[in-house]
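Please open the model in the viewer and keep a selection panel at hand. The tour below proceeds from one selection to the next.

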Amino acid sequence: MSGLGALGVHLQSALGLSTAQLGLLVSAAQLVPLAGLLVAGELLDRYSERWVVGSGAGLVALALGAGSLAPGYAALLVALLVAGTGYSTVQPGGSKSVASWFDASQRGFAMGVRQAGLPLGAALASAVLPLVAEEFGWRATLLTGGFVALLGAGLFMGCAAPRSNGS
């Protein structure tokens, strides 16, 4: 979701956006998590992080896929808001996973690795997505992001250890 800013020039040109519209579009996926993080935290207290984070990443993938089909600005804005809803599960879910998967003597390092993944992912997306947009168009960038989110959802759900209480 953080690599979207690097697509600003492509989105503005392709959709004929004003600077204000572009700003709202680029920040749309970051708006929902302001409240969504609280909801995700509640869900994580009730259900396994495997399902909460996996479902959230799956929602991101679906929303980005739908966004690639958006006929215009309003539909793309809605798709990115929905993607932000799914993204809300990543921060608290990742932290809870580290806390439950790693012994106290390893948690600091594990959390550091986890946190390093966020700017690394944003940097990779910011480097790769403009190249994808140049070659294939902005819609392909959303499909690429959706594919990465779907891959992440599958990996997380496949690698996440189930809780001992069966959830």
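How much space lies in the second largest pocket? The model is predicted, and in it this second largest pocket holds about 160 Å³.

**Stop 1: the second largest pocket**

Select Val32, Gly36, Val39, Ala40, Leu43, Trp51, Val52, Ser55, Gly56, Thr85, Ser88 and Thr89, which line the second largest pocket. Helix H3 (33–46) and H4 are the elements that each give two or more residues to this lining. Colour the selection by class: 6 residues are nonpolar, 6 are polar and none is charged.

**Stop 2: the largest pocket**

Move next to the largest pocket, whose volume is about 1,300 Å³. Its lining comprises 37 residues. To place the view, select Tyr87, Val90, Leu118, Gly121 and Val148, the lining residues that lie nearest the centre of this pocket.

Then display the helices around it. At least two lining residues come from each of helix H4 (49–67), helix H5 (73–87), helix H6 (90–101), helix H7 (104–136) and helix H8 (138–159). Which helix gives the most to the lining of the largest pocket? The answer is H8, with 11 residues. Coloured by class, the lining of the largest pocket shows 26 nonpolar residues, 10 polar residues and 1 charged residue.

**Stop 3: a nonpolar surface patch**

Keep Val148 selected, since this residue, one of those nearest the centre of the largest pocket, also belongs to a nonpolar patch on the surface. Add Phe147, Leu151 and Leu155 to complete the patch. Together, the four side chains' residues have about 410 Å² of accessible area. Phe147 is located in helix H8. Is Phe147 buried or exposed? Its relative accessibility is 56%, so Phe147 counts as exposed, the cut-off being over 50%.

**Stop 4: the salt bridge**

Side chains of opposite charge can pair when their charged atoms come close. The count for this model is 1 salt bridge. Return to helix H3 and select Glu42 and Arg46, which are about one helical turn apart because 4 residues separate their positions in that helix. Their side chains form the salt bridge, with an N to O distance of 3.7 Å.

Finally, colour the pair by accessibility. Glu42 counts as partly exposed because its relative accessibility is 44%, whereas Arg46, at 58%, counts as exposed.

Note on methods. Residues are numbered from 1 along each chain as its sequence is written. This is a predicted model: local features need pLDDT of at least 70, side-chain atom pairs count only at pLDDT 80 or more; totals for chains, interfaces and linings use all residues. Side-chain values use heavy atoms; hydrogens and water are left out. On a 1 Å grid over the protein atoms alone, a cavity is a set of points where a 1.4 Å probe fits but cannot get out, and a pocket is an open set with protein on both sides within 12 Å along at least five of seven lines; lining residues have an atom within 4 Å of a point. Grid points are joined across faces, edges and corners, and a volume is the space filled by probe spheres set on the points. Ala, Val, Leu, Ile, Met, Phe, Trp, Tyr, Cys and Pro count as nonpolar, Asp, Glu, Lys and Arg as charged, and the others, Gly among them, as polar. Patches are made of residues with over 30% relative accessible area and no salt bridge: like charges are joined within 9 Å, nonpolar side chains (Val, Leu, Ile, Met, Phe, Trp, Tyr) within 5 Å. Accessible areas come from the Shrake-Rupley method with a 1.4 Å probe; for residues, only the protein chains shown count as cover. Buried means under 20% relative accessible area, exposed over 50%, partly exposed in between (1.4 Å probe, protein chains only).
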